[in-house]
Structure formats: C-alpha cells, structure tokens
Amino acid sequence: MTQQKKYQDHPIDPAQIKRQLAGALKRLKAAEAVVDDDEEAAYELAYEAMLKASIALMYNHGKRARSIPGHHIAIIEMAAGILGPDLKDQMVVFDEMRRNRNNFLYDADGFVNDCEV
C-alpha cells in the first residue's frame, strides 16, 4: 500500500495531541495497576498506551493513519520513521506487541508469557 493511501493530512491541534498523550498515560497507569491480577488486560492497556502516544506523535506532524485494515501497522511505521533509528529496537518490540495482541485477541490458544508483560 502506498504511503499516500495509508495516511492523510490532519490539522495540528495541540489540545487533541495533549488528550491523546493523557489517554496514553491513563492506560499505562491502568496497566501497572492490573498487571498482578490480569496480565492480558495489562498487555492490552500497555499496547494501547503506545498506540495513543504514537497517534499523538503523528498528529504533531500533521498526519493520521486512515481507518483501513492495517492502520495499526501504519501508525507504528510512521512513528518509527519519525523517531528514527535510535529507537528502532523499541519500535520492533511495539510491532511484536501488535502481532501478539492480534494472536491472543483472535486466537484463544495462547497468551503472552511473563517476560512480555
């Protein structure tokens, strides 16, 4: 899929960016609060926190991912491009989280192990 089809321009709105970051922080705190009782919920919340922070980053650059299949991949790709090679390892982990989340969301056979939480 071409870059043009994955993304669209989005007006830069500092208040909206701040709300996305606040939502990311809220989810991260929730993940920390439930990790001992529900690892799957904590993993999902941590993934959502990373996703919301990446959306805020995209908004700050005047872009958003189109709401089409694969838009989480597009968000991760753009965030990785903006953040650059110094954070490549973290973005690889983010993409692994996306794949793991999809696996345990759509396939009831497995869940993450303790070192992934």
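Modeller: A residue is called buried when its relative accessible area is under 20%, exposed when it is over 50%, and partly exposed in between. The model discussed here is predicted.

Biologist: Which residues of α4 are buried?

Modeller: In α4, the residues that count as buried are His72, Ala74, Ile75, Ile76, Met78 and Ala79.

Biologist: Why is Ile75 called buried?

Modeller: Ile75 has a relative accessibility of 4%. The cut-off for buried is under 20%, so Ile75 counts as buried. Ile75 belongs to helix α4. Its C-alpha is 6.1 Å from that of Ala65, with the two positions 10 residues apart in sequence numbering.

Biologist: How do you know that the span of helix α4 agrees with what is expected?

Modeller: Helix α4 covers residues 71-83, which is 13 residues. The expected span is 1.5 Å times one less than the number of residues, and for α4 this should come to 18 Å. The end C-alpha atoms are 18 Å apart, so the two values agree. After α4 comes Gly84, with a positive phi near 85 degrees.

Biologist: How does α3 do when its reach is set against 1.5 Å a residue?

Modeller: α3 has 22 residues, and 32 Å is expected. From its first C-alpha to its last, α3 reaches 32 Å, which is close to that expectation. Gly62, just after α3, has a positive phi of about 75 degrees.

Biologist: Where do these helices fit in the chain, and how many helices and strands does the chain have?

Modeller: There are five helices and two strands. Read from the N terminus, the order is α-β-α-α-β-α-α. Of the 117 residues, 36% count as buried.

Biologist: What makes the contact of Lys6 and Glu77 a salt bridge?

Modeller: The criterion is a side-chain nitrogen of Lys or Arg within 4 Å of a carboxyl oxygen of Asp or Glu. For Lys6 and Glu77 the N to O distance is 2.5 Å, and the pair is a salt bridge. Lys6 is in helix α1 (residues 3-6) and Glu77 in helix α4, so the pair ties together parts 71 residues apart in sequence.

Biologist: Why do Lys6 and Glu77 fall in separate burial classes?

Modeller: Lys6 has a relative accessible area of 15%, and the limit for buried is under 20%, so Lys6 is buried. Glu77 has 38% relative accessibility and therefore counts as partly exposed.

Biologist: How many salt bridges does the structure hold?

Modeller: The structure holds six salt bridges. One of them joins Asp9 and Lys63, at 2.5 Å from N to O. This pair links distant parts of the chain, with Asp9 in strand β1 (residues 7-9) and Lys63 in strand β2 (residues 63-65), 54 residues apart.

Biologist: What makes Asp9 exposed and Lys63 partly exposed?

Modeller: Asp9 has 59% relative accessibility, so it counts as exposed, the cut-off being over 50%. Lys63, at 28%, counts as partly exposed.

Biologist: Which helix holds Arg99 and Asp95, and how many residues apart are they?

Modeller: Arg99 and Asp95 are four residues apart in helix α5 (residues 88-106), about one turn of the helix. In general, an α-helix has 3.6 residues a turn, so residues three or four places apart point the same way. The side chains of Arg99 and Asp95 form a salt bridge at 3.3 Å, N to O. Salt bridges with shared partners join Asp95, Arg98 and Arg99 into one network. Arg99 has a relative accessible area of 40%, so it is partly exposed.

Biologist: Why is Arg101 called buried?

Modeller: Arg101 is at 13% relative accessibility. Buried requires under 20%, so Arg101 counts as buried. Arg101 sits in helix α5. Its C-alpha is 8.9 Å from that of Glu40, while the two residues are 61 apart in sequence.

Biologist: What forms the negative surface patch, and how does Glu40 qualify?

Modeller: The patch is formed by Asp36, Asp37, Asp38, Glu39 and Glu40. A patch residue needs over 30% relative accessible area and no salt bridge, with like charges joined within 9 Å. Glu40 has 36% relative accessibility and so counts as partly exposed. Glu40 is part of helix α3 (residues 39-60).

Biologist: Why is Arg19 called exposed?

Modeller: Arg19 has 54% relative accessibility. The cut-off is over 50%, so Arg19 counts as exposed. Arg19 is in helix α2 (residues 14-34). Arg19 and Ala53 are 34 residues apart in sequence and 9.9 Å apart in space, C-alpha to C-alpha.

Conventions:
Residues numbered from 1 in each chain as written. Predicted model: local features only at pLDDT ≥ 70, side-chain atom pairs only at ≥ 80, totals over all residues. Heavy atoms only, no water. Buried < 20%, exposed > 50% of the residue type's maximum accessible area, 1.4 Å probe, protein only. Patch = residues over 30% accessible without salt bridge, like charges linked within 9 Å, V, L, I, M, F, W, Y side chains within 5 Å. Areas by Shrake-Rupley, 256 points an atom, 1.4 Å probe, with all protein chains shown as cover. Lys, Arg positive; Asp, Glu negative; His and termini not counted. Charge placed at Lys NZ, Arg CZ, Asp CG, Glu CD.
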